[in-house]
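Q: I am new to reading protein structures and would like a close look at one single part. Could you walk me through it slowly?

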Amino acid sequence: MATKVTYSIPNIHCPHCVHTIQSEVIDLPGVKSVSADQEQRVATIEFEPPASEEKIKSLLASIDYPVVG
Ligand SMILES: [Cu+2]
């Protein structure tokens, strides 16, 4: 069963950030969709195992877009 979570990512500041986040996170096995928003600085990610919140947060931190909150 897929889970949909919206993460706050303050480092999002331009369309390039949106593109980078979307293209990196979608490559994680189990991730179904990624929608990043430049204005609100959030990314909504739909995923199922083997993806997990821990893996998604770890990936985002590794590409310099750490999740806050
Ligand atoms: Cu940017």
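Where is the place of Val-31, and what is around it?

A: Happy to help! Please keep in mind that this is a predicted model. Val-31 sits in strand β2, which covers residues 31–37.

Let us begin with how hidden it is. Val-31 has a relative accessible area of 10%, and because buried means under 20%, Val-31 counts as buried. Across the chain, buried residues make up 35% of the 69 residues.

Next, its neighbours. Leaving out residues up to four places away in sequence, Val-31 touches Val-25, Ile-26, Ile-45, Glu-46, Phe-47, Ala-51 and Ile-56. Val-18 makes a useful distance check: 13 residues separate Val-18 and Val-31 along the chain, and their C-alpha atoms are 16 Å apart.

One of those neighbours, Ile-45, deserves a look of its own. With residues up to four places away again left out, the contacts of Ile-45 include Val-31, Val-25, Ile-56 and Leu-60. Ile-45 also touches Thr-3, Lys-4, Val-5 and Tyr-7, as well as Ser-33 and Val-34.

Now we can step back to the core. The largest nonpolar core has 21 residues, and Val-31 is among the four that touch the most other members, together with Ile-21, Ile-45 and Leu-60. Two or more residues of this core come from each of β1 (3–8), α1 (15–25), β2, β3 (42–47) and α2 (53–62). The largest share, four residues, is given by α1.

Helix α2 shows how an element can face this way. Its buried residues are Ile-56, Leu-59 and Leu-60. They lie on the same side of α2, because they cover an arc of only 95° around the axis. Here is a handy rule: an α-helix has 3.6 residues a turn, so residues three or four places apart point the same way. The cover over the buried residues of α2 includes β1, α1, β2 and β3. On the face turned away from that buried side, α2 carries the exposed residues Glu-54 and Ser-62.

How does all this fit into the chain? There are two helices and three strands, and along the sequence they follow the pattern β-α-β-β-α. Among contacts with a separation of 6 or more, 56% are between residues 24 or more positions apart. The radius of gyration is 11 Å, which agrees with the value near 11 Å for a compact globule of 69 residues. Along its principal axes, the C-alpha trace spans about 30 × 20 × 20 Å.

Away from Val-31, there is also a metal to find. Cys-14 and Cys-17 coordinate the copper ion through their SG atoms, at 2.1 Å. Cys-14 is partly exposed, with a relative accessible area of 21%, whereas Cys-17 is buried, at 1%.

Finally, look at a few backbone details. Most residues other than glycine have a negative phi, and most peptide bonds are trans. Arg-41, in the loop between β2 and β3, has a positive phi near 55°, and Arg-41 is partly exposed at 40% relative accessibility. Just after α2, Asp-64 takes a positive phi of about 70°, and Asp-64 is exposed, with a relative accessible area of 56%. Pro-49 and Pro-50 are joined by a cis peptide bond, with omega about 10°, and Pro-50 lies in the loop between β3 and α2.

To return to where we started: Val-31 is a buried residue in strand β2, and its contacts include Ile-45 and Ile-56.

Note on methods
Residues are numbered from 1 along each chain as its sequence is written. This is a predicted model: local features need pLDDT of at least 70, side-chain atom pairs count only at pLDDT 80 or more; totals for chains, interfaces and linings use all residues. Side-chain values use heavy atoms; hydrogens and water are left out. Buried means under 20% relative accessible area, exposed over 50%, partly exposed in between (1.4 Å probe, protein chains only). Contact means heavy atoms within 4.5 Å. Donors are N, O and S atoms within 2.8 Å of the metal (3.2 Å for Na, K and Ca); water is not among the atoms, so sites may look incomplete. A nonpolar core is a set of buried Ala, Val, Leu, Ile, Met, Phe, Trp, Tyr and Cys residues joined through side-chain atoms within 4.5 Å. The radius of gyration is taken over C-alpha atoms; the globule rule is 2.2 Å times the number of residues to the power 0.38. The arc is that of the directions from the helix axis to the C-beta atoms.
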